[in-house]
Amino acid sequence: MGDSEDDDIPQLSSHALAALQEFYTEQMQSTNPGGDDKYSVGVIEENWQLSQFWYSQDTASRLAEEAISAAGEGGRIACVSAPSVYQKLRELHGENISVYIFEYDKRFAIYGEEFVFYDYNHPLDLPGRIAEHSFDVVVADPPYLSEECLRKTSETIRFLTRGKVLLCTGAIMEEQAAQLLGVKMCKFIPEHSRNLANEFRCYANYDSGLDHET
């Protein structure tokens with residue numbers, strides 16, 4: 001009788017078992033990536049409900065190098081709602097730079113002390129270890145194309161920066177960005193790994209390398 005009962009239990013084929021194992025592995029990696037891939041752009045998948053759209057590899061690299069140049073030797077960089085730039089900075093420069101990631105998505109807490117939980121609805125609700133005007137450059141990408149989101153994120157940016165601001169947002173926000181942060185549109189046009197419906201641009205309040213042809 002025992003044999004007949006075993007025969008009634010559905011059995012997965014070896015192919016199905018392998019596919020299931022691969023799925024579980026990918027899910028684990030997406031929530032807790034590690035090793036050499038820990039800082040790869042896209043290792044943590046986009047959550048569209050949080051309006052997350054990662055930069056292309058080329059754009060992430062260009063923005064990371066611009067941030068390094070703007071911060072100067074020994075400078076400090078803040079990435080506000082711009083996890084792709086943070087990841088690329090760490091991927092390219094390892095521990096040789098000082099950079100923090102300010103992010104609402106707690107999946108990025110895998111980056112330890114460099115992760116700062118950030119909700120733009122509470123722009124100055126930051127931990128005591130984050131001092132005012134303690135970053136040489138702030139790279140920011142407000143999650144939503146709205147005046148309210150840009151205005152509140154700008155409060156955070158002004159609190160963090162010693163002066164330099166590198167902002168990435170929609171072209172339709174140009175006037176508000178100029179009023180709030182004194183930034184001007186750069187020639188460089190950022191791209192995302194997935195095409196966005198809205199035209200996206202970079203803005204800076206200093207003589208940026210993004211405003212020169214490459």
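**Notebook: strand β5 and its surroundings**

I began with strand β4 (residues 135-140), which pairs with β5 in the parallel sense over five bridges. The model I am reading is a predicted one. I then traced how the chain gets from one strand to the other: it leaves β4, runs through helix α5 (residues 147-160) and arrives at β5, and this β-α-β crossover is right-handed. For a single pair of residues, I looked up Ala140 and found that its bridge partner in β5 is Leu167.

**Entry on β5 itself**

Is strand β5 mostly covered or mostly open? I noted that β5 spans residues 161-170 and that seven of its ten residues are buried, so it is mostly covered; buried here means under 20% relative accessible area.

I next asked which other strand pairs with β5. Strand β7 (residues 200-204) does, in the antiparallel sense and over five bridges. Within this pairing, I found Leu166 opposite Ala204 of β7. As a general point, I recorded that side chains in a regular strand alternate between the two faces of the sheet.

**Entry on α5 and α6**

I returned to the crossover helix and examined how α5 packs against helix α6 (residues 174-181). The two axes lie 10 Å apart and form an angle of about 30°. Angles under 35 degrees count as roughly parallel, and therefore α5 is roughly parallel to α6. I also recorded that the crossing of α5 past α6 is right-handed.

Which residues meet where these helices pack? From α5 I listed Glu147, Leu150, Arg151, Ser154, Ile157 and Arg158. Their counterparts in α6 are Gln176, Ala177, Leu180 and Leu181.

**Entry on Arg62**

I located Arg62 in helix α3 (residues 57-71). Is Arg62 buried or partly exposed? Its relative accessibility is 22%, and because buried requires under 20%, Arg62 counts as partly exposed. I then compared sequence and space for Arg62 and Pro190: they are 128 residues apart in sequence, yet 8.8 Å separates their C-alpha atoms.

**Entry on the whole chain**

Finally, I surveyed the chain as a whole. I counted six helices and seven strands, and in sequence order they follow the pattern α-α-α-β-α-β-β-β-α-β-α-β-β. The chain has 214 residues, of which 43% count as buried. I also looked up contacts between residues at least 6 apart in sequence, and 64% of these join residues at least 24 apart.

Note on methods. Residues are numbered from 1 along each chain as its sequence is written. This is a predicted model: local features need pLDDT of at least 70, side-chain atom pairs count only at pLDDT 80 or more; totals for chains, interfaces and linings use all residues. Side-chain values use heavy atoms; hydrogens and water are left out. Buried means under 20% relative accessible area, exposed over 50%, partly exposed in between (1.4 Å probe, protein chains only). Helices (H or I, at least four residues) and strands (E, at least two) are DSSP runs, numbered from the N terminus. Two strands pair if DSSP finds at least two bridges between them. A crossover is right-handed if, with the strands pointing away from the viewer, the path from the first strand over the helix to the second runs clockwise. Axes are lines fitted to C-alpha atoms, for helices over the stretch in contact, and angles run from 0 to 180 degrees between N-to-C directions. Angles under 35 degrees count as roughly parallel, over 145 as roughly antiparallel, 65 to 115 as roughly perpendicular and the rest as oblique. A crossing is left-handed if the near helix is turned anticlockwise from the far one by less than a right angle, and right-handed if clockwise. Contact means heavy atoms within 4.5 Å.
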